[in-house]
Amino acid sequence: MASVTTEPIDTITEVPGKRTPLVTGTHDYGTVTEAVCRLAECKAPKAWYIALGFSASLVGMLFGLVGYLIITGVGVWGNRSPVFWGWPIVNFVFWVGIGHAGTLISAILFLFRQDWRTGINRAAEAMTIFAVVCAGLFPGIHIGRVWLAYWLFPIPNQMSMWPNFRSPLLWDVFAVSTYATVSLLFWYMGMIPDLATLRDRATGKIQQFAYGLFSLGWNGSSRHWHRYERAYLLLAALAAPLVLSVHTIVSFDFAVSQLPGWHTTIFPPYFVAGAVFSGFAMVLTLMIPARSICGIKDLLTDRHLENMTKVIIATGSMVGYAYAMEFFIAWYGGNGYETFAFINRAFGPYAWAYWIMVTCNVISPQLFWFKKIRTTPWMIFVVCIFVNIGMWFERFVITVTSLSRDFLPSSWGYFKPTIVDVLMLIGSFGLFMTLFLLFCKFMPMVAMAEVKSVMETPHGHGDYQPDPPESH
Amino acid sequence: MATTIEQPEKIKAEPQLLGLLAEFDDPHALIEASKKVRDAGYSKWDTHTPFPLHGIDEAMGIKWTILPWIVACCGLMGGTIAVGMQYWMNAVDYPFIISGKPLFSIPASIPITFELSVLLSAFGAFLGMLGLNQLPKLYNPMFKSQAFRRVTNDRFFISMDATDPKFSEIDTGEFLKSLNPLHVEDFWSDVESPKLPRSLVLGLSLVGVLLIMPPALVAYKRSTTTNTPRIHIVPDMDFQPKLKTQNTTSIFADGREVRPHIEGTIPRGQYKDDNIPFYYGLKVLPEDQDVITIAVQDEQKPADEKAADAKPADPAAAAAEVDKLAKLPWVTEFPMPVTDKMMARGKERYRIYCSVCHGLGGEGDGLVSLRAMELQQGTWVRPASYHTENVRKLPVGRLFHTISNGVRKMPGYAAQIPPEDRWAIVLYLRALQKSHQIDAKDLRKEEVEKLRTTK
């Protein structure tokens with residue numbers, strides 16, 4: 001195969017009239033396959049084993065705590081009057097939000113024909129699935145009697161009763177489970193051709209069997225590709241409104257109530273923007289180390305990172321605007337309770353959380369206006385960590401401040417998490433990391449087929465051509 | 001699965017030629033070659049590429065897929081199921097009445113309708129794609145070709161199917177070679193039917209049986225009866241740490257779980273039994289306690305039901321009821337000292353509660369009654385006068401009972417008027433009755449004078 005370029009390309013600078021390549025280095029189709037399959041086919045680096053050992057022990061702790069909670073009851077959490085919606089709901093909304101970047105990258109950028117998504121979409125989709133797994137854990141156990149969780153679903157049970165379809169909490173059940181299912185389908189379907197690649201390269205019997213089973217006998221037929229691309233487009237078109245609907249419905253949990261600070265129509269768009277914001281931050285947090293460890297910097301270039309930071313600036317500014325607008329409406333609406341709720345957020349007992357949130361979410365992403373920060377991976381990483389912290393605190397502030405001080409001063413209280421709360425949050429990160437590490441090792445981490453279809457080959461689809469040798 | 005290439009030589013049938021494969025290393029060359037195959041008139045052939053090659057659809061003459069229609073149908077089905085489910089479950093089968101809201105409304109059912117539409121559409125897209133592509137198909141004779149393994153990496157293939165009417169081994173082979181491929185090879189059917197290894201089949205069956213056993217056991221246990229106590233996997237408050245009758249305990253000195261009455265307390269529900277004449281107007285409670293509540297039940301019956309079943313049997317049923325009530329041991333004396341204060345209280349309460357219908361003089365000509373007769377023109381039953389022979393003969397307990405529980409159209413007033421006041425009213429009522437029966441000769445002079453001058 002003809003190699004594309006002979007020297008690394010600077011993908012950060014724009015050259016007028018030329019499309020910046022999405023794959024750098026001296027890659028052809030075969031070497032892309034090599035690069036992506038290497039991790040699945042060779043022994044994993046030591047860093048991988050250390051990371052897996054650490055995160056798997058956190059998972060052990062998480063499941064231990066879940067067992068403790070189920071046996072003892074949800075009283076081991078800090079949720080008590082007046083804050084019955086504490087840490088678990090904060091974690092739920094946080095994790096659901098993290099997932100959104102994956103779907104956004106794979107579906108909405110696909111519909112907008114943003115080819116740069118091909119390098120990151122697979123890992124981002126995987127992250128979505130794992131984030132939804134972590135999210136689903138919390139409402140799953142916070143219902144108290146976990147073994148009766150099936151009452152949430154409209155299936156006939158021994159009490160001949162049906163769930164109440166006018167409750168936003170039931171909408172959540174449908175929204176999150178649909179989101180998880182569709183994301184899983186989208187992710188898996190995108191992976192079928194790449195699993196076939198792994199199958200065809202596999203040498204061990206077990207690998208051949210497993211990859212052979214999951215690649216469903218894919219043989220690269222163009223007639224199949226035709227329908228496959230249609231199906232992928234349709235799934236993307238379905239996932240795009242779905243991703244917006246999921247966090248909108250999660251925000252209904254709050255907005256449909258009558259509590260000051262919750263009962264606002266800005267919640268759906270504001271929650272969705274925040275979700276995309278935190279999701280992109282999490283993608284970057286994962287990708288920056290992963291691309292170094294897995295050696296796929298050519299496929300996941302600095303330009304990919306830079307593009308994502310731009311999305312972070314946009315969504316971070318939306319979130320900042322939403323904070324300002326909440327305050328404005330609290331004052332302009334003339335509702336005393338609402339005004340109090342917001343003054344209390346900024347200057348009440350949870351002012352510390354509020355100002356952590358503002359610093360991390362409003363101020364820190366603005367650093368990305370500087371090109372130097374936008375293009376230096378470790379700086380992006382640091383800012384993204386701040387964004388993740390800030391977005392967790394955003395959910396904490398919304399949930400806890402409104403509940404701890406509502407209409408009656410006689411029923412005010414101060415929420416304190418228990419050690420179980422804190423360790424479960426940490427454990428959920430362990431679960432997320434474990435799943436992600438396993439994914440990196442055993443699955444095609446980059447969508448090979450999609451990357452190949454946007455590579456600048458001498459006869460390919462991209463319009464980038466290296467300078468002719470004469471001009472040097 | 002797909003890569004078991006070396007089969008032991010146990011030839012049982014002649015292998016058949018299934019088709020030819022031509023290998024290319026350049027996507028453009030493949031597209032050019034595809035145009036030639038298409039123009040040569042072949043119908044059963046395909047190209048295989050590692051990624052979706054744009055331009056190959058036209059080159060091969062691939063028709064537009066019907067997948068979008070499948071997805072649209074699935075989406076509509078999802079939406080219909082969602083609306084139907086929400087309507088039937090919440091408005092028909094198990095109506096949820098929540099603060100007067102309608103049982104079914106479109107806005108509240110939008111979220112779930114949307115989600116289910118998307119869910120079923122997504123299933124339609126995924127399963128529809130697999131179905132149209134006839135996947136999963138884990139076994140494929142093409143996979144036996146070593147070269148073909150690069151089709152998912154960096155090579156491009158044309159495959160010609162031997163069942164094509166135009167196919168012939170030699171001509172088609174020559175034709176493929178004329179397209180300038182890297183090389184051409186043929187692929188053959190298996191001589192043995194591809195069977196799963198015996199050990200795998202056995203293992204899978206064993207796993208299947210083991211998986212079925214627990215649910216089967218549960219289903220069996222749930223559908224049969226047994227003498228042994230049931231198994232409580234999750235004892236959802238089935239067993240509570242509380243004291244029960246007939247058991248012993250070490251908490252109390254006498255070892256009894258059921259406790260005797262404590263001195264000076266009244267058991268719940270037995271407070272009124274201390275003073276039956278005062279609370280019931282009866283000397284003793286009758287064995288058949290239903291009798292005292294007959295009037296109340298009669299009042300609580302829905303109007304149409306009462307009209308339907310009471311009309312024909314009315315005289316007999318009413319007579320039986322009256323008979324029953326008349327036989328009760330009503331008190332004939334006031335169960336408390338009669339005072340002037342009580343008379344004044346009775347007068348005041350009578351004028352508040354009773355006079356609107358019964359009139360200030362107790363003749364059944366209260367303002368509400370007069371107005372109702374005017375409006376309802378005969379369907380209104382005039383309240384009884386207290387001055388008839390029947391009513392005058394009633395014992396005070398019976399009057400008290402009537403005020404408490406009502407009679408015929410009159411509702412019971414027990415909820416509004418405390419028992420002391422009810423007795424006071426009875427006292428005033430007795431005074432009213434007496435005032436209508438008195439002989440003029442018994443009056444003092446100034447009283448006669450006063451009556452004469454009063455208009």
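In helix 13 of chain B, the buried residues are Val396(B), Gly397(B), Arg398(B), Leu399(B), Phe400(B), His401(B), Thr402(B), Ile403(B) and Ser404(B). The model is predicted. This helix spans residues 396-405 and is mostly covered, with 9 of its 10 residues buried. Gly406(B) follows helix 13 of chain B and has a positive phi, near 80 degrees.

Two further residues of chain B were examined for their backbone angles. Phi of Arg408(B) is near 45 degrees, a positive value in a residue other than glycine. Arg408(B) sits in the loop that runs between strand 5 (406-407) and strand 6 (410-411) of chain B. Its relative accessible area is 61%, so Arg408(B) is exposed. Asn180(B) is not a glycine either, yet its phi is positive at about 70 degrees. The loop between helix 5 (169-177) and strand 4 (183-188) of chain B holds Asn180(B). With a relative accessible area of 67%, Asn180(B) is exposed.

Cis peptide bonds were found in both chains. In chain A, such a bond joins Ser81(A) and Pro82(A), with omega about 0 degrees. Pro82(A) belongs to the loop between helix 2 (46-72) and helix 3 (87-111) of chain A. In chain B, a cis peptide bond links Leu135(B) to Pro136(B), and omega is about -5 degrees. Pro136(B) is placed in the loop between helix 4 (106-132) and strand 3 (156-161) of chain B.

Nonpolar packing was considered next. In soluble globular proteins, nonpolar side chains tend to be buried together. The largest nonpolar core here has 191 residues. Those with the most contacts inside this core are Trp95(A), Phe396(A), Met424(A), Phe432(A) and Ile158(B). Helix 5 (residues 168-201) of chain A gives the most to the core, with 18 residues. Apart from this core lies another, of 23 residues. Among its members are Tyr350(B), Ile425(B), Tyr428(B) and Leu432(B). The surroundings of Met424(A) were listed without residues up to four places away in sequence. On that basis, Met424(A) touches Leu62(A), Leu65(A), Val66(A), Leu69(A), Trp77(A), Phe138(A) and Ile141(A).

Helix 10 of chain A covers residues 336-347. Its 12 residues, at 1.5 Å a residue, should span 16 Å. The end C-alpha atoms are 16 Å apart, which agrees. The buried residues of helix 10 of chain A are Glu338(A), Ala341(A), Phe342(A), Asn344(A), Arg345(A) and Ala346(A). Their cover includes helix 9 (302-332), helix 11 (351-363) and helix 13 of chain A.

Helix 13 of chain A (residues 377-404) also holds Val382(A). This residue belongs to a nonpolar patch on the surface, formed with Trp378(A), Ile385(A), Phe386(A) and Ile389(A). Together the patch residues have about 460 Å² of accessible area. Val382(A) counts as partly exposed because its relative accessibility is 35%, between the cut-offs of 20% for buried and 50% for exposed.

Charge pairing was then surveyed. Side chains of opposite charge can pair when their charged atoms come close. A search of the whole structure finds 23 salt bridges over all chains. In chain A, a network of salt bridges links Glu306(A), Lys310(A), Lys371(A) and Arg374(A).

Several pairs lie in chain B. Asp254(B) forms a salt bridge with Arg259(B), and the closest N and O atoms are 2.8 Å apart. Asp254(B) is partly exposed, at 40% relative accessibility. Arg259(B) is also partly exposed, with a relative accessible area of 34%.

Arg392(B) and Glu389(B) meet through their side chains in a salt bridge of 2.9 Å, N to O. Both residues lie in helix 12 (residues 389-393) of chain B. They are 3 residues apart, about one turn of the helix. Arg392(B) has a relative accessible area of 30% and is therefore partly exposed. Glu389(B), with a relative accessible area of 45%, is partly exposed as well.

A salt bridge also joins Arg444(B) and Glu446(B), where the closest N and O atoms are 3.9 Å apart. This separation falls within the 4 Å cut-off for a salt bridge. Both Arg444(B) and Glu446(B) are exposed.

Note on methods
Residues numbered from 1 in each chain as written. Chains lettered and ligands numbered in written order. Heavy atoms only, no water. Patch = residues over 30% accessible without salt bridge, like charges linked within 9 Å, V, L, I, M, F, W, Y side chains within 5 Å. Areas by Shrake-Rupley, 256 points an atom, 1.4 Å probe, with all protein chains shown as cover. Helix = DSSP H or I, 4+ residues; strand = E, 2+ residues; numbered from the N terminus. Buried < 20%, exposed > 50% of the residue type's maximum accessible area, 1.4 Å probe, protein only. Core = buried A, V, L, I, M, F, W, Y, C linked by side-chain atoms within 4.5 Å. Contact = heavy atoms within 4.5 Å. Expected span 1.5 Å × (residues − 1).
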